[in-house]
Amino acid sequence: MMKYFLFIFSALLLSACWPESFSFRDSGGMPVEWQSFTIQNLENTAPNCPLSFAPRLTEQLKDGVQNNTRLVLNTQQGAGEVNIEGSITTYQVQPVAIQGSDNATSNRLTMSLSLKIKIKAPKEVEWQMVSTRFADFSASANLADVEQKLFAEISEQMVQDLLNKLYSNW
């Protein structure tokens, strides 16, 4: 009698955990209503930031969303279900590894990107996102010589931050 009771109890307990449906098709973490997106050209409001970085980062964000999501780029501004606009707000170099003689052995390039993400469907929502990323480089290196490499590292992380926000609203 105890075996039957245990069996029925286990079956009821497991049935509560059973999924309502399952599929081999991955729908991702984005709502199915999202079909397209737009990204306005980023503004460069950070002092000392090279002027070419804002358009380059805009293109990298577009490529990142197109290559890693099912969303299609809409060329009409504001016409997508997901509309993104923003600016580069911080671009600074600071020493990070000070030695005994007050000389830095390492410097850090820090960039911040502020984005406003307007969602039209399934309901209208507006998200704010700030991504601050950095890359370290040797103090003996000239910033102009390593700036492109550092920008590539930082922008790759910022694209990933945007994807995380779109997939899960982190």
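These are my notebook entries on the nonpolar core and the salt bridges of a predicted model.

**Entry 1, the core.** I began with the largest nonpolar core, which has 35 residues. Val82, Ile88, Ile117 and Leu162 have the most contacts inside it. I then looked up which elements give two or more residues to this core: strands E1 (36-39), E4 (82-98), E5 (104-119) and E6 (125-138), along with helices H2 (53-68) and H3 (143-168). H3 gives the largest share, 8 residues.

**Entry 2, Leu162.** Which residues does leucine 162 touch, leaving aside those up to four places away in sequence? I found Leu61, Val65, Ile84, Leu115, Ile117 and Met129.

**Entry 3, salt bridges.** My search of the whole structure gave 5 salt bridges, and I followed up three pairs.

- Lysine 118 pairs with glutamate 85, with the closest N and O atoms 4.0 Å apart. Lysine 118 is in strand E5 and glutamate 85 in strand E4, 33 residues apart. Lysine 118 is partly exposed at 33% relative accessibility, and glutamate 85 is partly exposed at 24%.
- Aspartate 136 meets arginine 108 at 2.7 Å, N to O. Aspartate 136 belongs to strand E6 and arginine 108 to strand E5, so this bridge ties together parts 28 residues apart in sequence. I noted 39% relative accessibility for aspartate 136, partly exposed, and 24% for arginine 108, also partly exposed.
- Aspartate 161 meets arginine 133 at 2.6 Å, N to O. This pair links helix H3, home of aspartate 161, with strand E6, home of arginine 133, across 28 residues.

**Entry 4, a last check.** Is aspartate 161 buried or exposed? Aspartate 161 counts as buried because its relative accessibility is 15%, and the cut-off is under 20%. Its partner arginine 133, at 28%, is partly exposed.

Definitions and conventions:
Residues are numbered from 1 along each chain as its sequence is written. This is a predicted model: local features need pLDDT of at least 70, side-chain atom pairs count only at pLDDT 80 or more; totals for chains, interfaces and linings use all residues. Side-chain values use heavy atoms; hydrogens and water are left out. A nonpolar core is a set of buried Ala, Val, Leu, Ile, Met, Phe, Trp, Tyr and Cys residues joined through side-chain atoms within 4.5 Å. Buried means under 20% relative accessible area, exposed over 50%, partly exposed in between (1.4 Å probe, protein chains only). Helices (H or I, at least four residues) and strands (E, at least two) are DSSP runs, numbered from the N terminus. Contact means heavy atoms within 4.5 Å. A salt bridge is a side-chain nitrogen of Lys or Arg within 4 Å of a carboxyl oxygen of Asp or Glu.
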